[in-house]
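Me: I've got a model open and I'd like to talk it through with you. Mind if I fire off some questions?

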Amino acid sequence: RCDEGQAFHCAVQRFPGEPLVAPNPEVPYCDGCPVNRTLVYDHCKVSPRNVNISILAAAARRAAAAGLIDDVRHLHALRVR
């Protein structure tokens with residue numbers, strides 16, 4: 001269910017084809033946005049069809065490799081409902 005949270009890094013990750021807006025304090029950081037542009041607030045929940053799981057998985061792998069989060073290999077056995 002979209003109202004129970006969102007995937008790691010989704011709130012700040014720009015996906016191909018997504019609209020951008022003027023800077024917004026509710027979205028202070030955007031990964032992949034040009035200067036002085038940001039994402040629509042809650043874009044992952046508002047437009048879940050734009051979410052690219054491969055991009056999010058790559059972000060999680062990078063964070064794990066940097067020691068910022070647990071290794072994502074622990075998620076392989078889990079089922080998504």
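Me: Leaving aside neighbours within four places in sequence, which residues is C10 in contact with?
Reply: Keep in mind that this is a predicted model. C10 sits in the segment before α1. Once neighbours within four places in sequence are set aside, its contacts are F15, H43, C44, V51 and L56.

Me: Which residue does C10 form a disulfide with?
Reply: A disulfide is a covalent bond between the sulfur atoms of two cysteines. Here the cut-off is a pair of cysteine sulfur atoms within 2.5 Å. The sulfur of C10 is 1.9 Å from that of its partner, and the partner is C44.

Me: How many residues apart are C10 and C44?
Reply: This pair links distant parts of the chain. C10 is in the segment before α1, while C44 is in helix α1. Along the chain they are 34 residues apart.

Me: Is the C10 and C44 disulfide left-handed or right-handed?
Reply: Look at the torsion about the S-S bond, which is about -105° for C10 and C44. With that torsion, the disulfide is left-handed.

Me: Are the two cysteines C10 and C44 buried or exposed?
Reply: The cut-off for buried is under 20% relative accessible area. C10 has a relative accessible area of 3%, and C44 is at 5%. So C10 counts as buried, and C44 is likewise buried.

Me: What about C30: which cysteine is it joined to by a disulfide?
Reply: The count for the model comes to two disulfides. In the one with C30, the S to S distance is 1.8 Å, and the partner is C33.

Me: And is the disulfide of C30 and C33 left-handed or right-handed?
Reply: Both of these cysteines are buried. The torsion about their S-S bond is about 60°, so the disulfide is right-handed.

Me: Numbering the bonded cysteines in sequence order, what is the pairing?
Reply: One disulfide is between C10 and C44. The other joins C30 to C33. Numbered in sequence order, the pairing is 1-4, 2-3.

Me: Let's move to T38. Is T38 buried or exposed?
Reply: T38 is found in the segment before α1, a helix that covers 43-46. Its relative accessibility is 3%, and the cut-off for buried is under 20%. That makes T38 buried.

Me: Which backbone oxygen does the side chain of T38 reach?
Reply: T38 touches a list of residues beyond four places away in sequence, including P19, L20, C30 and C33. V27 is also one of those it touches. At 3.2 Å, the side chain reaches the backbone oxygen of V27.

Me: Now A60. Leaving aside neighbours within four places in sequence, which residues is A60 in contact with?
Reply: A60 lies in helix α2, residues 53-65. At 10% relative accessibility it counts as buried. With neighbours within four places left aside, A60 is in contact with F8, I69 and V72.

Me: What separates the C-alpha atoms of A60 and V72?
Reply: These two are in contact. Along the chain they are 12 residues apart. Their C-alpha atoms are separated by 6.9 Å.

Me: What is phi of H9 near?
Reply: Most residues other than glycine have a negative phi. H9, in the segment before α1, has a positive value. H9 is partly exposed, with a relative accessible area of 22%. Its phi is near 75°.

Me: And what is phi of D42 near?
Reply: D42 is also found in the segment before α1, and at 26% relative accessibility it counts as partly exposed. It is 32 residues from C10 in sequence, with 9.0 Å between the C-alpha atoms. Its phi is positive too, near 60°.

Me: Zooming out, how many helices and strands are there in the protein chain?
Reply: The C-alpha trace spans about 40 × 30 × 20 Å along its principal axes. Of the 81 residues, 22% are buried. The secondary structure comes to two helices and zero strands.

Me: Last one: how far apart do the centres of the positive and negative side chains lie?
Reply: The accessible surface comes to about 6,100 Å², with 54% belonging to carbon and sulfur atoms. As for charge, there are 10 positive and 8 negative side chains. The centres of the two sets lie 6 Å apart.

Technical notes
Residues numbered from 1 in each chain as written. Predicted model: local features only at pLDDT ≥ 70, side-chain atom pairs only at ≥ 80, totals over all residues. Heavy atoms only, no water. Helix = DSSP H or I, 4+ residues; strand = E, 2+ residues; numbered from the N terminus. Buried < 20%, exposed > 50% of the residue type's maximum accessible area, 1.4 Å probe, protein only. Polar contact = N/O pair within 3.5 Å; in protein donor to acceptor, adjacent residues only side chain to side chain. Contact = heavy atoms within 4.5 Å. Areas by Shrake-Rupley, 256 points an atom, 1.4 Å probe, with all protein chains shown as cover. Lys, Arg positive; Asp, Glu negative; His and termini not counted. Charge placed at Lys NZ, Arg CZ, Asp CG, Glu CD.
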